[in-house]
Amino acid sequence: MTDALAIATDLMPVLARHAAAADAGAAFPHDSVRALREAGLFGLLVPAEYGGMDGDLADLVDVAAVLAGGCLSTAMIWAMHCQQVDAVVRHAGERLRSDLLPRIAQEGYYLASVTTEPSKGGHLLTASSALLPEDDDLLVRRDAPIVTGGEHADGFLITMRAGPDAAPSDVSLVHLHRDQVEAQVVRDWNAMGMRGTRSVGMTLSGVAASHQVIGQPGGFRAIAVDSMIPAGHLAWSACWLGTARGALDAVVALIRSRHVPSSMSRDSELLRQRLARARIDIELAGGYLALVRDEVLRRRHSGQPLDDRSLQIRIDTVKVACSELTFSAVDRLVQLGGAMIGYQRDAAVPLERHFRDLRSASLNYSNDRLVGAIGTMTLLDGAGRLP
Ligand SMILES: Cc1cc2nc3c(=O)[nH]c(=O)nc-3n(C[C@H](O)[C@H](O)[C@H](O)COP(=O)(O)OP(=O)(O)OC[C@H]3O[C@@H](n4cnc5c(N)ncnc54)[C@H](O)[C@@H]3O)c2cc1C
């Protein structure tokens with residue numbers, strides 16, 4: 001077990017302790033996030049030379065799954081932060097890296113993500129609002145309808161059209177420190193699930209220095225393909241998997257305990273069928289996640305790009321499959337638990353919260369968009385073969 005995984009395992013009960021209150025109050029899980037920062041986990045992906053834990057995407061997947069067994073909102077706050085860190089590590093210039101990475105590692109500097117935009121919705125690879133040159137700097141004015149942890153972030157990575165004359169597909173990724181930006185919350189977060197993520201609507205207005213553009217101006221697509229999409233899809237999938245595993249373990253523990261309700265008799269064949277189906281969903285999600293994780297890691301270690309069609313299909317498929325399979329697993333456990341264990345807010349196992357939280361998985365980057373992209377690539381690629 002790596003250090004990071006051992007730390008996450010120790011902290012998981014802290015997250016679990018605060019999860020219900022974060023959900024009930026749609027409140028940012030301050031205590032849980034503070035515990036992750038103080039333990040250094042915000043710097044999981046920061047290279048050792050900048051003081052970080054020097055982790056890779058395998059560590060990200062392992063830690064995310066453990067944390068999400070305690071609180072999915074906290075795990076996603078952390079996973080989305082790590083997704084931003086990966087982009088900084090791999091694509092920022094040295095000046096921004098040496099400014100940000102030691103702070104992420106030592107202070108737990110928290111990076112939020114701004115990609116969604118009202119006029120273009122979720123589409124990741126386009127932007128409407130343009131960076132406006134102002135002397136040597138860049139003016140950023142951005143509506144940001146959903147920013148996880150936006151009220152509490154120390155900085156933002158924001159997608160912007162590269163300039164006033166640039167095409168919508170000519171996107172730059174720009175960093176702003178909180179003290180460089182006037183950040184106003186314009187919509188509260190009162191969602192069905194993932195309530196602790198405080199994914200509020202914001203307007204952001206500030207001025208970035210030119211070295212705060214990450215990668216080439218207009219070059220966001222390369223960052224998305226190399227870093228943001230694979231890191232995001234793997235980390236989110238791991239989070240959803242961790243929650244589904246935690247739910248199944250808790251249900252099994254209840255069934256095996258003295259407190260098992262008579263409606264959940266372990267002698268019931270139907271109960272075993274339902275447990276098996278939940279386990280099969282989780283096995284398939286975990287197995288495919290491991291396969292894609294290993295392929296991405298192999299490519300990274302050997303310096304190969306990730307932009308061939310078959311791997312792109314798999315990186316999109318892992319997100320779609322894990323979002324559906326983990327939600328299905330918890331749905332089956334709700335059915336197994338019935339009206340008292342499955343459907344009550346104060347049940348012994350918080351299946352009702354897991355169900356609401358996991359309902360977001362197909363929306364948090366719309367599966368419809370990804371399935372459309374997979375279909376387009378399949379027209380060119382056919383059935384493909386596993387590596
Ligand atoms: C818990 C949570 C946290 C989030 N955190 C952040 C964050 O920190 N930062 C951020 O920028 N965003 C964040 N998002 C936004 C998220 O990543 C999506 O981009 C956003 O939810 C898109 O919203 P949408 O489904 O309304 O829009 P769209 O993706 O624009 O879709 C709108 C509708 O059109 C359909 N649709 C769109 N395109 C297609 C297509 N090609 N084929 C078929 N149907 C299509 C969709 O199914 C949907 O019904 C978060 C979302 C959630 C749920």
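This passage describes how the chain of a predicted model is divided into domains, how two of those domains meet, and where salt bridges are found.

In the predicted model, the chain is divided into domain 1, which covers residues 3–109, domain 2, which covers residues 113–214, and domain 3, which covers residues 220–381. Two annotations from UniProt can be set beside this division. The UniProt record, in an unreviewed entry, places the feature "domain: Acyl-CoA dehydrogenase/oxidase N-terminal" at residues 15–106, and in the model this span is 71% helix and 0% strand, with its end C-alpha atoms 21 Å apart. The annotation "domain: Acyl-CoA dehydrogenase C-terminal", likewise taken from an unreviewed UniProt entry, covers residues 236–361; over these residues the chain is 76% helix and 0% strand, and the end C-alpha atoms lie 8 Å apart.

The C-alpha centres of domain 1 and domain 2 are separated by 21 Å, and the contact between these two domains draws on 27 residues from domain 1 and 20 residues from domain 2. The area buried between domain 1 and domain 2 comes to about 1,900 Å², and carbon and sulfur atoms give 64% of this area. Of the area that domain 1 buries against domain 2, Ala 26, Leu 96 and Tyr 109 supply 28%, which is more than any other three residues.

Polar and charged groups also take part in this interface, across which 8 residue pairs are found in polar contact and 2 salt bridges are found between domain 1 and domain 2. On the side of domain 1 that touches domain 2, the elements that give two or more residues are helix 1 (3–25), helix 2 (30–38), helix 4 (72–91) and helix 5 (94–107). Helix 4 gives the most to this side, with 9 residues, and the residues of the side as a whole divide into 16 nonpolar, 6 polar and 5 charged.

Side chains of opposite charge can pair when their charged atoms come close. In the model the count of salt bridges comes to 19. One of them joins Arg 198 to Glu 151, whose closest N and O atoms are 3.1 Å apart. This pair links distant parts of the chain, since Arg 198 lies in the loop between strand 6 (181–187) and strand 7 (200–208), whereas Glu 151 lies in the loop between strand 3 (137–147) and strand 4 (155–161), and the two are 47 residues apart. In another salt bridge, the side chains of Arg 195 and Asp 23 meet with an N to O distance of 4.0 Å.

Notes:
Residues are numbered from 1 along each chain as its sequence is written. This is a predicted model: local features need pLDDT of at least 70, side-chain atom pairs count only at pLDDT 80 or more; totals for chains, interfaces and linings use all residues. Side-chain values use heavy atoms; hydrogens and water are left out. Domain bounds come from an automatic or database domain assignment. Contact means heavy atoms within 4.5 Å. Buried area is the accessible area (1.4 Å probe) that two parts lose on being put together, summed over both. A polar contact is a pair of N or O atoms within 3.5 Å; within protein, one must be able to donate a hydrogen and the other to accept it, and residues adjacent in sequence count only if both atoms are side-chain atoms. Helices (H or I, at least four residues) and strands (E, at least two) are DSSP runs, numbered from the N terminus. Ala, Val, Leu, Ile, Met, Phe, Trp, Tyr, Cys and Pro count as nonpolar, Asp, Glu, Lys and Arg as charged, and the others, Gly among them, as polar. UniProt positions are given in the numbering used here, feature names are shortened, and annotations may be inferred rather than shown by experiment.
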